[in-house]
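Please open the structure in a viewer and follow the selections below in order. Each stop names what to select and then describes what is found there.

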Amino acid sequence: MAIIAQTTIGMLKWVGLLGYVVACIFGVLLTRFPRSWNYIVHTVTAASSVLVVVSTLYDLVMGHKEVIVVQAPYPLSLLPPLYMVIDPLSAFMALVVSLVALYASIFAIGYVDEYYGHPGKLAVLGLCFPSFIASMILVAFAGDVISFIVLWEVMTVTSFLLVLLESERLEVRRAGVVYMAFATFSAVCLLAAFALGYVFAGDYVFAAWKNANLTPFQATLIFTLALLGFSAKAGVVPFHSWLPRAHPAAPSHVSALLSGVMVKLAMYGIVRIALDVLAPWASPSWGTVILLLGALSTFYGVALAIIQHDIKRLLAYHTIENIGIILLGIGLAISAYATENHALAVLGVIAGLFHLINHALFKSLLFLCSGTLLHQVHTRNIDEMGGLYKKLKTTAFAFLIASLGITAVPLFNGFASEWCAYNSLMLGMSNLPDPVTRFASLLSILSLSAAGVLAVYCFTKVFGVVFLGAPRSEEARHAEEEPLSMKVSYILPSALIVLLGIAPGVMVNILSTVGDNLVGKHLATVETPVLGILVNLWGTPSAYIPFVIAASIAIVAILTWAYALSKTRYTAVTEPFVSGVEYDEKVMSPTPLLYVGTLEDIMSSMYGVRKEYDRAFAVEYWVLKSVKILERPYALLARLLRRAGLPAVDLEELPEKFDDVFYAFFWYFGNVFSKLATIASKIDGIIYAFLGLIGRALSKLVAVTIRIDSAIYACLWPIGILFTRLVAVVSRVDDAIYACLRSIRTLFTKLTKVAIRIQCGSLHVYLLYIYTAFFMLLLYYVLVG
Amino acid sequence: MIEDVITAIINAILVVLLAPLFEGIIRKVVARLQGRYGPPILQPYIDLAKLFNRTLLTKPATASDTLYSLAPVLVFATIVVVAALVPTFAARPLTLADVLVIFYLMGLVRFVYSIASFNVANPFAVVGSAREHLLTLGVEPAALLAAIIAVLSVSSPSVSWVAASIPGELPVCYWWFIPALLGFIAALLADLALPPFDVAEAEQEISEGLLAEYGGPLLGLFKLAINCRRLVLLNLLFALFLPFGMAANYTAVEVVVGFIVYILKVVVAAVILSLMVVVAARLKIHDVVKYLLYSLAFSIIAGIMYILGG
């Protein structure tokens with residue numbers, strides 16, 4: 001291996017990556033000594049993460065750029081060399097991954113004692129946890145098709161095994177199958193995109209694609225396939241239904257990585273493909289599509305999150321929302337870049353990437369807190385918690401800080417990035433030439449503001465129900481204090497959430513170098529005053545200086561609080577006032593349903609027939625059926641795994657609700673048509689009445705004119721008759737339209753019934769062919785061509 | 001710079017001092033319209049003085065002490081800071097915050113209010129704060145979009161919202177101004193917590209929600225904060241859409257005119273709002289949400305007009 005690094009600090013990340021390998025080896029070997037296994041694996045992982053954090057932060061700040069060619073020793077040297085590219089964007093992604101990995105592995109020390117009795121599980125955890133982190137870091141550096149797809153699949157497989165860790169529960173096995181289905185779909189799309197890119201551009205290294213002769217159509221085809229692949233892996237809305245199943249199923253420190261980091265790599269992929277690899281052919285419509293997807297995910301994710309009772313599922317739905325917000329920044333950047341609006345493109349990149357790191361911080365912290373709750377209270381149902389701030393003080397405090405971050409309260413980091421997103425969308429609405437993109441920006445603003453309100457609603461619910469009030473179960477009443485490692489792991493993310501909220505200018509400055517590097521022009525885009533953001537693109541200032549606002553709120557609050565405390569002296573406690581009835585804690589203590597019931601009622605049409613499930617689109621059905629292609633090879637693997645005492649699932653255990661979903665799809669169409677029929681019948685009525693009125697007016701006019709002039713009478717009479725006839729004709733036409741719409745509706749109802757019966761038999765076979773064909777093609781070109 | 005800081009502090013003091021008067025006027029006018037004699041206009045000041053002089057001796061059993069006393073303090077402090085940021089008599093740009101920061105600081109207020117209602121474990125309080133969120137769900141997208149359009153149309157491509165309040169460059173000149181103004185006012189009316197829309201603090205229905213659990217100076221802070229919030233929202237309307245009469249420079253004449261015009265605006269708004277209070281009966285939360293869809297429709301129409309024409 002030939003690794004040429006220019007600096008010692010730059011070398012540290014390769015040492016860190018070796019550290020992950022060491023952790024893997026210990027993770028497999030030491031399973032008979034669970035306690036030392038725990039300390040060694042997680043300490044080594046955390047230490048390696050520190051090295052990678054330091055090294056990538058250094059690269060990022062120095063704007064370091066480097067291409068490393070990896071040539072394997074003989075006989076593997078017959079294969080083409082692999083490329084590792086270090087630039088500000090990939091350094092930033094590696095920084096995010098290793099940062100989250102650092103405190104997630106510290107948290108794990110206190111968390112994994114539940115698995116001490118199962119050596120198989122310990123082996124899977126010890127092997128997959130460090131290699132999952134390492135593969136995510138390496139994906140960010142991958143500079144060619146082969147290393148990208150291989151590392152991407154390593155990431156998928158390791159995360160799949162981690163999701164399946166508690167595979168004795170049916171729910172987890174189902175989640176695993178659904179996750180694998182979407183991951184396969186994603187891999188098929190990405191492989192297709194990269195194979196096409198290789199065929200069109202004639203090279204497997206990304207850097208060479210920029211100088212190739214692609215037609216706009218070819219570029220758009222590659223982009224579309226890549227977007228499909230990355231969206232499926234990120235849980236963007238039409239492809240989201242695996243995310244709220246799989247993320248909660250994993251152990252909590254892995255959930256923190258899945259939700260905090262893994263989905264972000266798909267975001268990274270979109271930025272890399274659209275703004276770097278295929279940048280010369282970028283078109284505004286790419287950005288518009290991403291904006292619309294983002295707006296949909298933003299609202300849909302949070303609206304579904306708010307009604308959940310399972311805390312990890314709720315957090316997973318919030319990930320969909322935040323992925324949407326990241327997409328808003330990225331989409332706007334692509335549109336702006338394609339229309340040569342470079343300053344706005346940089347602002348969009350800043351908005352997207354800033355929210356990316358912010359979400360990585362607070363979402364992983366929230367998942368760690370939920371892990372603590374699971375570990376101490378042994379439930380994920382928030383209905384069974386309550387009053388936990390007395391026992392779990394540190395967790396309550398960390399959860400509060402993370403909630404303030406995720407609800408975009410000013411002075412915390414979430415607001416700073418949403419502020420950037422809003423500003424770029426506003427500028428997009430006024431500056432971009434294309435009206436469709438401008439309208440997409442308008443929709444995005446609406447979606448973002450509604451999501452902001454709902455996020456506050458949602459997290460006040462979670463915090464209030466879990467930590468405040470009175471305990472609602474025996475487990476909650478007897479919860480014990482959290483282990484030390486959990487408390488320690490909260491420190492870093494909480495501190496960063498507050499720091500990036502008070503001084504966002506630091507991160508904005510760093511990200512502007514990433515944006516400048518992508519856009520390829522150095523622009524004086526961002527001026528940072530002492531502590532804050534001041535985006536100065538056109539000479540007119542727009543500022544958000546949180547430090548001053550925080551200080552003034554603090555001054556007023558401290559003065560008022562001092563006064564309020566001097567005037568309070570609690571000598572007695574009261575029961576809550578409930579209109580004169582005696583307060584009964586069991587019945588009257590506030591529940592989540594009390595808080596969000598009205599919302600469920602108002603938005604019931606969105607939540608569907610069964611409230612626990614969202615109305616997944618028909619996409620899920622096709623994707624899940626297509627995974628059956630893996631059935632036979634997988635069954636073999638599953639048998640081997642099970643014989644080794646490792647987790648495995650049967651593909652037979654598919655969830656039962658596909659038919660419902662499929663049915664619902666057609667049912668909606670039927671509904672739409674019957675509504676159209678109703679509207680049509682109403683319109684008929686209006687037209688009829690209108691014509692009748694005109695007819696009546698004319699006949700009155702006739703009556704008047706009889707007296708005045710018989711000539712006018714003669715003239716107007718036939719017009720009156722004409723209108724009467726028109727009325728008759730229109731009423732018949734109406735009937736015809738009505739009947740036509742009714743029959744279409746009936747047709748769809750029938751189609752629905754037919755569709756339920758037909759198993760979509762042969763589809764998966766074709767997908768198998770496509771998958772194999774692309775792989776063979778790729779292999780052929782790589783080895784021979 | 002130093003003048004701007006002084007202006008901000010005067011803004012905050014002005015709002016805190018005028019807010020009870022605003023309520024007093026509404027109460028008086030409503031009483032006269034209903035044929036009652038009504039309380040004196042200064043009654044809210046007397047009420048507040050009474051509350052602030054008491055000592056609070058009890059607290060709810062399950063509540064955390066710190067959170068119980070900190071909640072009204074934080075709500076009040078945030079609203080005072082927002083009041084300082086919104087121009088009242090002088091339209092000078094203060095590069096500290098824009099319209100987004102102001103809307104989202106109101107989010108902080110809602111956050112603290114809801115947490116406080118879970119803290120006292122009173123079901124009425126929880127229902128009250130849930131309604132507050134539902135109402136805001138209708139209000140905020142419409143109001144924010146209308147505000148953004150007003151800002152963009154006068155100061156494109158700047159996003160500094162204070163630019164909208166520079167006299168001589170009224171947004172009236174643009175034809176999408178009218179739907180934007182209608183959308184903003186329609187949303188604002190629902191957010192003022194005055195009778196047809198006071199679902200969140202309904203006295204008769206949920207016994208004032210969270211406020212029932214508070215007393216003494218803490219209740220006084222909540223009451224003062226609610227009053228200040230009303231005035232801040234009106235200030236936002238004046239600054240974004242009706243910025244006439246505001247002082248552009250700190251000359252004595254302009255500042256005096258600015259003060260007089262501002263107080264006149266507040267009094268006129270109070271009289272108009274009391275008419276609304278008298279003629280309408282309280283709506284249910286479902287009806288409020290339906291009503292707010294109209295304000296959203298107005299804002300979207302304004303947005304489409306802006307996109308096609310701007």
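**A tour of chains A and B**

Begin in chain B with helices H6(B) and H8(B), which are roughly antiparallel to each other because the angle between them, about 170°, falls in the range over 145 degrees that counts as such. The model on display is a predicted one.

To see this pair, select residues 177-191 of chain B for H6(B), together with H8(B); the two axes lie 10 Å apart. Next, show the side chains where the helices meet: Leu181(B), Phe184(B), Ile185(B), Leu188(B) and Asp191(B) belong to H6(B), and their counterparts in H8(B) are Leu233(B), Leu237(B) and Phe241(B). By class, this contact comprises seven nonpolar residues, no polar residue and one charged residue.

Keep H8(B), residues 216-241, on screen and add H1(B), residues 2-33 of chain B. Here the packing angle is about 95° and the axes are 8 Å apart. H1(B) is therefore roughly perpendicular to H8(B). On the H1(B) side, select Val15(B), Val16(B), Leu18(B), Ala19(B), Pro20(B), Phe22(B) and Glu23(B); on the H8(B) side, select Leu224(B), Asn227(B), Cys228(B), Arg230(B), Leu231(B) and Val232(B). Of the residues in this contact, 10 are nonpolar, one is polar and two are charged.

Now display both chains. Where do chains A and B touch, and how many residues are in contact? The contact involves 74 residues of chain A and 73 residues of chain B. On the chain A side, elements that each supply at least two residues include helix H15 (413-431), helix H20 (546-566) and helix H22 (592-602). Select H16(A), residues 435-467, for the largest share of this side, 17 residues. The side of chain A that touches chain B holds 50 nonpolar, 20 polar and four charged residues.

At this boundary, select strand S6(A), residues 568-574, and strand S1(B), residues 56-60 of chain B: the two pair in the parallel sense over four bridges. One bridge to locate joins Thr574(A) to Pro60(B) in S1(B).

The last stop is the largest nonpolar core, which has 378 residues. Select Val96(A), Val97(A), Val100(A) and Leu454(A), the members that touch the most others. Then add helix H13 of chain A, residues 342-377, which gives the most to this core with 22 residues. Finally, centre the view on Val96(A): leaving aside residues up to four places away in sequence, Val96(A) touches Val261(A), Lys264(A), Leu356(A), Ile357(A) and Ala360(A).

Key. Residues are numbered from 1 along each chain as its sequence is written. Chains are lettered from A and ligands numbered from 1 in the order in which they are written. This is a predicted model: local features need pLDDT of at least 70, side-chain atom pairs count only at pLDDT 80 or more; totals for chains, interfaces and linings use all residues. Axes are lines fitted to C-alpha atoms, for helices over the stretch in contact, and angles run from 0 to 180 degrees between N-to-C directions. Angles under 35 degrees count as roughly parallel, over 145 as roughly antiparallel, 65 to 115 as roughly perpendicular and the rest as oblique. Two residues are in contact if their C-beta atoms, placed from the backbone, lie within 7 Å. Ala, Val, Leu, Ile, Met, Phe, Trp, Tyr, Cys and Pro count as nonpolar, Asp, Glu, Lys and Arg as charged, and the others, Gly among them, as polar. A nonpolar core is a set of buried Ala, Val, Leu, Ile, Met, Phe, Trp, Tyr and Cys residues joined through C-beta atoms within 7 Å. A residue is buried if 20 or more other C-beta atoms lie within 10 Å of its own, exposed if 12 or fewer, and partly exposed in between; C-beta atoms are placed from the backbone. Two strands pair if DSSP finds at least two bridges between them.
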